[in-house]
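Work through the exercises below with the sequence and the model open side by side. Each task is followed by a solution in steps.

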Amino acid sequence: MERGGFERERERMVEEQLVRRGITDARVLDAMRRVPRHLFVEEALRDRAYGDHPLPIGEQQTISQPYIVALMTSLLALDGQEKVLEVGTGSGYQTAILALLARRICSIERLPSLALRARAVLEGFGYNNVWIRVGNGTLGWPDEAPFDRILVAAGAPSMPPPLFEQLAKSGRMVLPIGDTSNQTLTLVEHVGGEMRFTPCGDCMFVKLVGKYAWET
Ligand code: SAH
């Protein structure tokens, strides 16, 4: 697999879209400098892979905007030891960033075609700490629970209860909560058995679909 290329675009993306907007976590910035985002989109879109926007990845889904990936990852406050659940693998780009920053990533994607492609791309990079499964991520991944961190990459009407049940004590979860056109990026912390919600800005994600989320 071709890994090189686009280094300058990637550096510019980090400086102009992330550092300038206040992303300060050095490990997150380093991961965003390293992962070749252009290899997570189809060839015809590679020239636009480092732009300040999401891009289509097929099946009416999108790869998230670089800033949103960096912001969500920063909110998880990863130090490298964590077991992470990701809901909505999509292209696998966010998964690759998490794989560089945490111990073990369990990622669930609803659409088999996207899960297969993401798995192939990530295997090509040689990640050995990523597990991708097809299923409804709002149910979590009970066999692997509890999770130190949970990242939901699709917009939910409310927090799916199974996810909080599978969040470790002192764990952190980041998810977009709102209606189908507009959501609030929300940090959910598990503090002494209680849930603490902190709003962290507006965002726009595709729908989280399934039980405990949108119907279709
Ligand atoms: N972070 C991804 C973006 C994913 S887009 C990236 O950067 O590429 C959101 C993904 O969530 C889509 O692929 C969609 O199919 C998936 N999704 C929606 N509802 C889901 C559910 N209930 N369980 C698992 N995946 C879901």
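**Exercise 1.** How many residues of each class does the lining of the largest pocket have?

*Solution.* Step 1: the lining has 22 nonpolar, 17 polar and 5 charged residues. Here Ala, Val, Leu, Ile, Met, Phe, Trp, Tyr, Cys and Pro count as nonpolar, Asp, Glu, Lys and Arg as charged, and the others, Gly among them, as polar. Step 2: these belong to a lining of 44 residues, and Thr62, Ala153, Ala154, Phe205 and Val206 lie nearest the centre of the pocket. A pocket is an open set of points on a 1 Å grid over the protein atoms alone, where a 1.4 Å probe fits, with protein on both sides within 12 Å along at least five of seven lines; lining residues have an atom within 4 Å of a point. Step 3: the space in the largest pocket is about 740 Å³, a volume being the space filled by probe spheres set on the points.

The model is predicted: local features need pLDDT of at least 70 and side-chain atom pairs pLDDT 80 or more, while totals for chains, interfaces and linings use all residues. Residues are numbered from 1 along each chain as its sequence is written, and side-chain values use heavy atoms, with hydrogens and water left out.

**Exercise 2.** Find which elements each supply at least two residues of this lining.

*Solution.* The strands are E2, E3 (83-87), E4 and E9 (194-203), and the helices are H3 (66-76) and H4 (93-101). Helices (H or I, at least four residues) and strands (E, at least two) are DSSP runs, numbered from the N terminus.

**Exercise 3.** Locate the ligand and describe its polar contacts (pairs of N or O atoms within 3.5 Å).

*Solution.* Step 1: the ligand takes up the space of the largest pocket, as more than half of its atoms lie within 2 Å of the grid points. Step 2: strand E2 (61-63) and strand E4 (104-109) are the elements giving two or more residues to the ligand shell; E2 gives the largest share, 3 residues. Step 3: a polar side-chain atom of Ser91 lies 2.6 Å from a ligand oxygen atom. A backbone N or O atom of Ser64 is 3.3 Å from an oxygen atom of the ligand, and one of Val209 is 2.6 Å from a ligand nitrogen atom.

**Exercise 4.** Which peptide bond is cis, and where does its proline lie?

*Solution.* The bond from Ala145 to Pro146 is cis, with omega near 5°. Pro146 is in the loop between strand E5 (130-134) and strand E6 (147-152).

Technical notes:
A polar contact is a pair of N or O atoms within 3.5 Å; within protein, one must be able to donate a hydrogen and the other to accept it, and residues adjacent in sequence count only if both atoms are side-chain atoms.
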